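User: Hey, got a minute to walk me through this one? I'd like the overall layout and then a few close-ups.

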Amino acid sequence: RGGTRGDPRRARAARCRAGTTMRPPSRVQRSPFAASPTAAALECAPMSAATRGEALALLRTFLAADAHYRASAAAYGDGGSAALERALDLFLARPGIGFVWLARAITGTARVAVGACVVCRAISTSRGALVAKLDDVTVHPEWQGRGVGGRMLADLATFLRREGMTRIDCGCHRANAGAWRFYERLGFRPLDEERLALLLSV
């Protein structure tokens, strides 16, 4: 999966369709997401029990609405919101397997979740070491095009290096040109492989 909703052109089009702007007029009540990017710092960290609700809101929106993910959701065995809730509980109960990486904007005294992605640990036979599997990269629509996605993954890479990880793998829908450009700017390289899934009954 691993697609990103960070294509600025798609974000601008979505905002136009929704009738919203990046900086609403003063007569409109500003949402906490509408702060200037220079007025807000970002902090990135694994999801905790205290921030589970924020991660749930971001990932639920992504998994329900992203067209590229929805195109392959059936093959993934998508279980909807209930499955996502179970997954977040598993990440909190079994942090050795993986975690949700959460980016939160600091605006004044408030902290608001603006980006998230899912990371699972694995062992690579080609690297002879631990690697990370990246999925479900998403940025809140009002924060797309502001560098949140790049900063979120740069901080993630630093965090993973400290854990001894030697590579980050992700999937990207072939039709998602914006996501391909985003990942390539960060140094990801295509493997010319297609991700496959086999559903197991339990």
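Analyst: Sure, we'll start with the overall fold and then go through a helix and some aromatic rings. Keep in mind that this is a predicted model.

User: OK, how many helices and strands are there in the protein?

Analyst: There are seven helices and five strands. Starting at the N terminus, the order is α-β-α-α-α-α-β-β-β-α-β-α.

User: And how much of the protein is buried?

Analyst: Of its 202 residues, 39% are buried. The accessible surface is about 11,300 Å², with 57% of that belonging to carbon and sulfur atoms.

User: What about contacts between residues at least 6 apart in sequence, what share joins residues at least 24 apart?

Analyst: That share is 69%.

User: Let's zoom in on helix 5. Which of its residues are buried?

Analyst: Leu 84, Leu 88 and Phe 91. They sit on the same side of helix 5, because the arc they cover around the axis is only 60 degrees.

User: Why would residues a few places apart end up pointing the same way?

Analyst: An α-helix has 3.6 residues a turn, so residues three or four places apart point the same way.

User: Nice. What covers the buried residues of helix 5?

Analyst: The cover includes helix 2 (52–65), strand 2 (98–107) and strand 3 (110–124). On the other side of helix 5, Arg 86 and Ala 93 are exposed.

User: What span should helix 5 have, going by its 14 residues?

Analyst: It should span 20 Å at 1.5 Å a residue, and the end C-alpha atoms are 20 Å apart, so the two agree.

User: I'm curious about Asp 89 too. Where does it lie?

Analyst: Asp 89 is in helix 5, which covers residues 80–93. It counts as partly exposed because its relative accessible area is 40%, between the 20% and 50% cut-offs. Its C-alpha atom is 8.8 Å from that of Ala 49, a residue 40 positions away along the chain.

User: Switching to aromatics: how many aromatic pairs does the structure hold?

Analyst: Seven. Take Tyr 183 and Phe 188: their ring centres are 5.2 Å apart and the planes are at 65 degrees, so this pair is edge-to-face.

User: Are those two buried or exposed?

Analyst: Buried. Tyr 183 has 3% relative accessibility, and Phe 188 has 19%, so Phe 188 still falls under the 20% cut-off.

User: Which residues form an aromatic cluster?

Analyst: Phe 62, Tyr 69 and Tyr 76 form one.

User: And what sits over the ring of Trp 143?

Analyst: The charged end of Arg 146, at 4.7 Å from the ring centre.

How values were computed:
Residues numbered from 1 in each chain as written. Predicted model: local features only at pLDDT ≥ 70, side-chain atom pairs only at ≥ 80, totals over all residues. Heavy atoms only, no water. Phe/Tyr/Trp six-rings, centres within 6.5 Å; stacked < 30°, edge-to-face > 60°. Buried < 20%, exposed > 50% of the residue type's maximum accessible area, 1.4 Å probe, protein only. Lys NZ or Arg CZ within 6 Å of the ring centre and 35° of its normal. Helix = DSSP H or I, 4+ residues; strand = E, 2+ residues; numbered from the N terminus. Expected span 1.5 Å × (residues − 1). Arc of directions from axis to C-beta. Contact = heavy atoms within 4.5 Å. Areas by Shrake-Rupley, 256 points an atom, 1.4 Å probe, with all protein chains shown as cover.
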